[in-house]
Amino acid sequence: MGAAALGGLATAAEAAGSTVRAVMHSGLRVLDPIITTAHITRNHGYMIYDTLLSMDADYKPQPQMAEYKISDDGLTYTLTLREGLLWHDGTPVTAEDCVASLKRWAQRDTGGQMMMDVTESLTAADARTIVLKLKQPFAPVLDMLAKPSSVVPFMMPKKVAETPSTESITDQTGSGPFKFIKGEFQPGVKVVYEKFDKYVPRKEAPSWTAGGKVVKVDRVEWINMPDAQTALNALGSGEIDYMEAPPVDLLPMAESNRDLRKFTWNPLGSQTMGRMNFLYPPFDNVKIRRAAMLAMNQEDVLAALIGNPDYYKVCASMYGCGVPLETNAGAPPSLTLKGDAKAAQALLKEAGYDGTPVVILQPTDVITTAPQPVVAAQLLRNAGFKVVLQPMDWQTLVTRRASQAPIAEGGWNMFFTNWIGAEVWTPLVNPMLNGRGKKGGFFGWMDDPELDAMRVSFAAAKTRDEQKAIAAKIQARAYDEVAYVPLGTYIIPALYRTSLSGLIRGPAPLFWNVKKAD
C-alpha cells in the first residue's frame, strides 16, 4: 500500500485526530506471540494482551494484572488478580485462564522451561488466585513472569491457551488496552486496533512495560510500506504518524523536517546474529560451524546493515555490551576484526567439508534483516563454502525457520535475525543458549545438556559476581559449540511527527499513553 492509498481511508473519527497510523518494521501475518519470537508478533501481543507482572525502566518486576506474595521459604508464589479485569468479549479474566496461559508459554520460552523444571504445581486456588509451588527455590521467577520480550508471558482465555504450543492460535481475544479488529486485518498489509473501553489501567505512571496503560487515542493502524522512501515521504506529509525502523541513511532527511523527531524507544539497542541448523550437514559438524564463524566478522555486517558507525558498534558479548554480564569470554578475535578466511579454509579442509551447499534464508522486505545474509554469503564463499541464498519475505521466513525438515524437503542451514538487549542480557532469557534440541530448543535445535546444566547453576547463583563468572563460562562454551554468531549491536531510532506525544521507552514500540494533537 503506497502513501497515495492512505487518503481514502480516513473516517470522521480519524479526521478528529484520534487515529495513529504507523509503519512498523515488518508486515504482520503470524498472530501468535507464543509460537514465534518474531518482533512484529511480539509488538502485536503488547497491543491486545496483558501480563501478570511487568518490567519497569529500572528492569525490576512490578505488579500488572496481579499482585504477588512469596512464602518465607521461597517455594510458594501467590498471585492475586486485580478486580475488574475483562477479556475483550466482556467475560471476566480468571485464574484458570492465567494458569493455562503460563503453562503454554512455558513450553516455548527458554526461561519458562527452566522454571517449570522445578515446579511442583501451578494451580488456580479460586477465581482470582494463582498459586505456583516450587520443588526448590528458583530466584528468577519474578523476572520470568515479567519477561519483557520474546517470549512474553501474555495472558489469554483458557480456551485459547489450551491450543497446543505447536499450533498457532486462531482466536485473538485478549484483555489488553487495545482490541484486534479482525474484519479489517489484511495479512502483511494492514492491522487495525481500537481502544478497549473496559480496560482498567493501573494507577502508577507508565514505566517501560509497567504502570498504567492508558490509551489516549481511539484507534491505531499499522500500515505496511516496504519501500522506506515512500514511508518517509508519507511521514513528512502527515499521512502517517510514526515509522518504527527508518534506514539510517535516510535520517538526515528527517532531521531537516521540523515536524519530525527521532525517538530511541530501545536504549539498550539490538544485537544482530546468525543461527545455524544443528540437525543437518554441513552444520551438524562443529568444526564446520567454527569455520563459518571464523569466516564472518561484525564490521562488514554492521557497515552493510547500518552504515553510519554512530549507530553501531562491534561487540563480542553474547549478552550485549553495556550490561552487567558483558564479557568477551571465548570469542574469536577475528569476529570483531575482519574475519579470518585462511583459518576458516584450513578448518574446512580438516573437517572434510564436501561442498554441501549452505542454504541461507534471505528476507528481502525488512531493512533490519535484509543485508546480513548477503554479506555473510560472500564471506562464507571467500572461505570455501558453497552458498545458496533463498529469497522470501520476513513473515515467510519466520514460518519456514520453524521447520525441522531436511534441506531437500524445504529445510534450511542458516538464518539471520536481531534481538533487543533485554532478550539476550542473561543466559536465562537468551533463546540461542537453550540446549534442549528438538525438545523445546530455539530454531536450529542445539542439543547441549552441559550448557543447560550451566544455566541451571546460573539461576542458583547467590551473588552478582558468581553470576558473572558462570555467565562467562556459559559464553565460552557457547562460542566453542557455535551456538550462534553474534554480529554486533546497533540502535535505529524511530521517527514520529510532533503531533504525537507521550511515547514510552521500552522493549517494544508501545502505543498506550500516546496522544495525538488535533
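**Close-ups: helix H11 and some backbone oddities**

**View 1. Helix H11 and its two sides.** In this predicted model, the face of H11 turned away from its buried side carries Lys342, Lys349 and Glu350, which are exposed. On the buried side of H11, which spans residues 341-351, sit Ala344, Leu347, Leu348 and Ala351. Looking down the axis of H11, these buried residues fall within an arc of 105°, so they line one face of the helix. That fits the usual helix geometry: an α-helix has 3.6 residues a turn, so residues three or four places apart point the same way.

**View 2. What H11 packs against, and what follows it.** The partner for the buried residues of H11 is helix H9 (286-295). Right after H11 comes Gly352, with a positive phi near 75°.

**View 3. Two cis peptide bonds.** One is the bond from Ser150 to Val151, with omega near 0°. Val151 is in the loop between helix H5 (141-145) and helix H6 (158-161). Another cis bond runs from Pro281 to Pro282, with omega near 5°; look for Pro282 in the loop between strand E13 (270-276) and H9.

**View 4. Trp445, a non-glycine with positive phi.** Phi of Trp445 is about 60°, although this residue is not a glycine. Trp445 lies in the loop between strand E17 (414-420) and helix H14 (449-460). Its relative accessibility is 4%, so Trp445 counts as buried.

**View 5. Asn513 and its positive phi.** Asn513 isn't a glycine either, yet has a positive phi near 70°. You'll find Asn513 in the loop between strand E20 (500-501) and strand E21 (515-516). Asn513 counts as buried because its relative accessibility is 16%, with the cut-off at under 20%.

Key:
Residues are numbered from 1 along each chain as its sequence is written. This is a predicted model: local features need pLDDT of at least 70, side-chain atom pairs count only at pLDDT 80 or more; totals for chains, interfaces and linings use all residues. Side-chain values use heavy atoms; hydrogens and water are left out. Buried means under 20% relative accessible area, exposed over 50%, partly exposed in between (1.4 Å probe, protein chains only). Helices (H or I, at least four residues) and strands (E, at least two) are DSSP runs, numbered from the N terminus. The arc is that of the directions from the helix axis to the C-beta atoms. Contact means heavy atoms within 4.5 Å.
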